[in-house]
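This report describes selected parts of one protein structure. The sequence and the coordinates come first.

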Amino acid sequence: MTSTARPHLNRRLAEFGTTIFAEMSALAVQTGSINLGQGFPDTDGPEEIREAAVRALRDGRGNQYPPGPGIPELRTAIAAHQQRRYGLTYDPDTQVLVTAGATEAIAAALLALLEPGDEVIAFEPYYDSYAACIAMAGGTRVPVTLRPHEGRFRLDLDELRDAVTDRTRLLLINTPHNPTGTVLTREELTAIAELAVERDLLVVTDEVYEHLVFDDAEHLPLATFPGMRDRTVSIGSAGKTFSFTGWKVGWATGSPSLVSAVRSAKQFLTYVSSGPFQYAVAEALALPDTYFTAFREDMRVKRDLLAAGLAEAGFEVFRTAGTYFITTDIRPLGAALSHEGDGFAFCRALPEQAGVVAIPNAVFYDHREAGAPFVRFAFCKQTSVLEEAAKRLRTLADRGQTPGA
């Protein structure tokens with residue numbers, strides 16, 4: 001008998017299947033490869049912060065439902081962090097919301113602020129949850145593509161302006177940018193702010209890598225620019241800064257009306273989460289500047305180690321100014337090794353060829369062909385792991401020099 005049952009997955013989510021991260025992580029286990037695909041550290045963060053979580057558990061703090069907006073101690077610590085770092089003043093009671101990681105903050109913000117049919121401009125390539133969250137909110141995503149230029153990926157401001165239409169409701173900004181490692185400059189952010197004010201656009205900024213900027217790059221929150229304070233929802237996270245990604249503690253800050261809107265959606269997602277961990281993150285945000293400086297320097301050294309290994313292996317390596325990812329172009333490896341510049345085929349073959357797992361950047365693009373030759377590696381791993389990965393990857397250079405390889 002022929003079934004007349006409708007597909008179980010609604011059309012908004014029909015394009016989203018199992019993520020590439022699940023596929024590549026499974027491949028890493030299957031082949032015993034070093035997993036430089038998914039972006040999580042392989043060591044825990046500060047011991048005193050871990051102990052703060054244990055202390056909260058033992059003291060019975062957070063073992064039951066915490067307050068919906070987050071515990072007062074953490075909201076106060078977030079507000080103090082924003083004031084100390086950027087001169088942004090937020091009322092902990094009305095302008096700070098604690099979420100289940102940045103992913104929930106993004107979802108809640110888009111669900112709260114979009115009407116069906118609203119257009120959202122995001123910089124392509126983008127973190128994969130952006131597309132799914134826009135779809136769940138009934139919005140239409142409009143990608144503006146970051147393109148390689150002089151060793152980094154750059155934003156075309158004219159393309160951004162041209163992408164805005166009468167249906168555009170919101171700009172979804174990510175800086176420092178995953179996966180390209182780009183950090184938007186003051187000039188670029190000024191232009192974005194002027195456009196948002198001119199066209200009366202809301203802005204959601206994903207700033208989870210705010211403490212991972214290198215060399216001469218500087219993280220500048222968009223909310224600090226003229227006219228942006230009351231139209232911007234800024235999103236942060238403890239996971240990337242303190243290396244406790246499993247705790248899932250994030251936050252959103254903004255004007256009382258914006259935060260109230262985001263809270264209205266958030267309360268019907270997780271309601272609350274991460275009770276005891278909220279107390280620990282409150283202490284983490286108050287760590288001295290020496291912690292943040294040492295954390296950044298440690299990641300810079302790891303970036304340089306992996307970047308050197310990738311260059312020696314034959315990749316074109318793009319400059320990572322922020323985050324803990326390196327984007328490469330596989331085409332210099334040659335047609336055979338790069339699978340004709342097909343990042344998906346390359347990443348699926350790399351575990352067998354070199355015992356390393358990476359992620360094809362094309363999964364972060366609407367225009368898959370634009371991202372086809374680019375591959376992302378994570379360097380948030382132990383030095384010994386990166387050294388071994390670099391050693392394995394260098395064997396690609398030998399294969400590329402072998403006739404018929």
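The sections below cover a sheet, a helix pair and two loop residues.

## Basis

The model is predicted.

## The sheet

Seven strands make up an open sheet, in the order 2-10-9-8-7-3-4, and the pairing is mixed. Its edges are strand 2 (96–99) and strand 4 (140–145), each of which pairs on one side only. From one strand to the next, the twist averages 20°.

At the strand 4 edge, the partner is strand 3 (residues 119–124), and the two pair in the parallel sense over six bridges. Within this pairing, Glu124 is opposite Thr145 of strand 4. At the other edge, helix 3 (residues 72–86) lies across strand 2 and strand 10 (250–253). The helix runs at about 115° to strand 2.

## Gln95, ahead of strand 2

The loop between helix 3 and strand 2 contains Gln95. Is this residue buried or exposed? Gln95 has a relative accessibility of 12%, and because the limit for buried is under 20%, Gln95 counts as buried.

Beyond its neighbours within four places in sequence, Gln95 is in contact with Thr89, Tyr90 and Arg229, and also with Ala252, Thr253, Gly254, Ser255, Pro256 and Val259. Two of these partners, Ala252 and Thr253, fall in strand 10 (250–253).

## Helix 2 and helix 10

The axes of helix 2 (residues 47–58) and helix 10 (residues 275–284) come within 8 Å and cross at roughly 140°. Angles over 145 degrees would count as roughly antiparallel, so this pair is classed as oblique. The crossing is right-handed.

On the helix 2 side, the contact is made by Ile49, Ala52, Ala53, Arg55, Ala56 and Leu57. Helix 10 contributes Pro276, Phe277, Tyr279, Ala280, Glu283 and Ala284. By class, the contact residues comprise 10 nonpolar, no polar and two charged. The charged residues are Arg55 of helix 2 and Glu283 of helix 10.

## Ala362

Ala362 sits in the loop between strand 14 (359–360) and helix 13 (368–371). With a relative accessibility of 3%, Ala362 counts as buried.

Which residues does Ala362 touch, leaving aside its neighbours within four places in sequence? The contacts are Phe344, Arg368, Gly371, Ala372 and Phe374. Among them, Arg368 and Gly371 belong to helix 13 (368–371). Ala362 and Pro125 are 237 residues apart in sequence, while their C-alpha atoms are 7.6 Å apart in space.

Technical notes
Residues numbered from 1 in each chain as written. Predicted model: local features only at pLDDT ≥ 70, side-chain atom pairs only at ≥ 80, totals over all residues. Heavy atoms only, no water. Pairing = 2+ DSSP bridges. Helix = DSSP H or I, 4+ residues; strand = E, 2+ residues; numbered from the N terminus. Axes fitted to C-alpha atoms, helices over the stretch in contact; angles between N-to-C directions. Contact = heavy atoms within 4.5 Å. Buried < 20%, exposed > 50% of the residue type's maximum accessible area, 1.4 Å probe, protein only. Parallel < 35°, antiparallel > 145°, perpendicular 65-115°, else oblique. Left-handed = near helix turned anticlockwise from the far one by under 90°.
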